Amino acid sequence: MEKIFVLDTNVLLHDPMALYAFKEHKIVIPMTVLEELDTIKDRKDKDVSREARIAINAIDGVLSDASPKAIQDGVDIVEAKGGDVTGCLAIFPDQLISHDNEAPYLDGSPQQANDNRIINVALHLQTHNADKYVCLVTKDINMRLKAKGSGLENVEDYRKDRVIEDIELMSKGYETLEGDFWDRVESVKSVQKGKATMHVIDSSILPNAYPQMFVCDDGDFVGLVREVDAKSIHIQQLSRERLMSQQLWGLTPRNIEQAMAFFLVQCDDIDMTALTGPAGSGKTLIALAYGLHAIMEEKRYDKLIVARNTPPIAEDIGFLPGTEEEKMAPWLAAFEDNLEVLHGHDESPYGSIDYIKERANIQFKSLNFMRGRSFNNAYIIIDECQGLTQFQLKSIITRVGVNSKIVVLGNLAQIDNKYITPVTSGLTYLVEKSKDFEHAGIMHVSGIERSRLAEFAEENL
């Protein structure tokens, strides 16, 4: 059966290249969607306006040479010059729909007019294409409910960006085995590489292993997967006691997950670390402690850059006096809190914090102003990444230059973007896509060490 997909505006903002995600099927874009993209492309919010422009250019790339009739009937979508045809794209002039008795068209309030027009396009196509599968694709839950309530048979969320079906399946950076690890191993080849002891075992023992994944058992065994090939897995043996006795800037781990995160951020061959976990698990503190240690004691980097996404209202204060760091202060107060934790017992805590900020060259940045830049010899911490799309995170990761390390932090239980869920978050996408990269590490730190009240709230409220 031929399938016709009607795309909502938020789908193209979430994935500007969504045109290429529907394979051989027909895509219909209502005129109202083009109008909304045209309005959004000039917004002050740099991220969403950029994605609107990319989507418009992608549509223009398919339709630019077509005639008006062809545009309404459908123009072939070709992935590249001389490439395969992956379906067709049409523009539907929804302003021409007549509200006759053929379908239950919506009028609605002015606030809902655009949504209703897009739903009307899908209803119109369903009425006039009874032999075809007509589906509205939108990331707006309420719009999906309205469409179904209006008689539309097929309504879906956009699924192309889902790398996993359930957040419980997301990689945690470690695997815990029941019993004794060595009881599973029939043969092993052990070699000494410098100070490290490496064990080469059969790949069937850990079928889901990937580089930089920790392996723990119920006893004292802790290992770190260093290499994975078709037949074997190379595991570096670690000492649980030594992991728990690590120290960074006066900070020591309180549980094994924190200890493994300590180890990952210190690995010289890991360029990017993604730390996930609930509030109070110590993600920010670990990232900050290593940054200060690497800059102040090891002289490994020249600066510490702390950045996070800011809400659109932050754009409106750009004309006010003050540096970028001063304007970012309200959104980066968490780092001030963590600096106080690390230096709270000093004789003059606030003097120590000011001294550290200057000597470690700590710079507070907004992600909205990081595009086009290149950060060399820098240790970079990106906080609150759970609300970012995969395209936003990609644009940030590609800013990392020579001799730099980036640590990405996020709590998937605290997403405040209405179009993003834990399974479609850019952070989830980053974790799943980078886990097989030998120079990336991931760790889910689940233990809540902030306070007994924080632990109660996370588990029960």
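In what order do the six strands of the open sheet with parallel pairing stand? The order is 15-14-16-17-13-18, and the points below start from this sheet.

1. Basis of the note. This is a predicted model, in which local features need pLDDT of at least 70 and side-chain atom pairs count only at pLDDT 80 or more, while totals for chains, interfaces and linings use all residues. Residues are numbered from 1 along each chain as its sequence is written, and side-chain values use heavy atoms, with hydrogens and water left out.

2. Overall make-up. The chain holds 15 helices and 18 strands, where helices (H or I, at least four residues) and strands (E, at least two) are DSSP runs numbered from the N terminus. Of its 461 residues, 51% count as buried, buried meaning under 20% relative accessible area, exposed over 50% and partly exposed in between (1.4 Å probe, protein chains only). Among contacts (heavy atoms within 4.5 Å) between residues at least 6 apart in sequence, 67% join residues at least 24 apart.

3. The parallel sheet. Strand 15 (362-366) and strand 18 stand at its edges with a single partner strand each, so one side of each is left without a neighbour in the sheet; two strands are taken to pair if DSSP finds at least two bridges between them. From one strand to the next the twist averages 15 degrees. Within this sheet, strand 13 (residues 272-276) runs parallel to strand 17 (residues 405-410) and is joined to it by five bridges, and Ala274 has Val408 of strand 17 as its bridge partner.

4. Helices on the parallel sheet. Helix 14 (residues 426-434) packs on the sheet and touches strand 13, strand 17 and strand 18, its direction making about 130 degrees with that of strand 13. Helix 8 (residues 256-266) lies across strand 13, strand 17 and strand 18, and runs at about 165 degrees to strand 18. For these angles, axes are lines fitted to C-alpha atoms, for helices over the stretch in contact, and the values run from 0 to 180 degrees between N-to-C directions.

5. The mixed sheet. Another open sheet has six strands in the order 7-10-11-12-9-8, with mixed pairing. Strand 7 (174-176) and strand 8 (189-193) stand at the edges, each with a single partner strand, so one side of each has no neighbour in the sheet. Direction ignored, neighbouring strands here are turned by 30 degrees against each other on average. Strand 9 (residues 196-202) and strand 12 (residues 232-239) pair in the antiparallel sense over five bridges, with Ile235 of strand 12 as the bridge partner of His199. Helix 8 appears here as well, lying across strand 7, strand 10 (214-216), strand 11 (221-228) and strand 12, at about 150 degrees to strand 10.

6. Nonpolar cores. A nonpolar core is a set of buried Ala, Val, Leu, Ile, Met, Phe, Trp, Tyr and Cys residues joined through side-chain atoms within 4.5 Å. The largest has 47 residues, of which Phe214, Leu292, Leu304 and Met443 touch the most other members, and helix 9 (residues 283-297) gives the most to this core, with 10 residues. Apart from it lies another core of 44 residues, among them Phe5, Ala55, Leu63 and Ile97.

7. Two buried loop residues. Val445, in the loop between strand 18 (440-444) and helix 15 (452-460), counts as buried because its relative accessibility is 0%. The C-alpha atoms of Val445 and Thr276 are separated by 6.2 Å, although the two residues are 169 residues apart along the chain. Thr138, in the loop between strand 5 (133-137) and helix 6 (141-149), is likewise buried, with a relative accessible area of 0%. The side chains of Thr138 and Asp8 are joined by a polar contact of 2.7 Å, a polar contact being a pair of N or O atoms within 3.5 Å; within protein, one must be able to donate a hydrogen and the other to accept it, and residues adjacent in sequence count only if both atoms are side-chain atoms.

8. Positive phi values. Lys299, in the loop between helix 9 and strand 14 (303-308), has a phi near 55 degrees, a positive value in a residue other than glycine, and counts as exposed at 55% relative accessibility. Asn377, in the loop between strand 15 and strand 16 (378-383), has a positive phi near 50 degrees and is partly exposed, with a relative accessible area of 29%.
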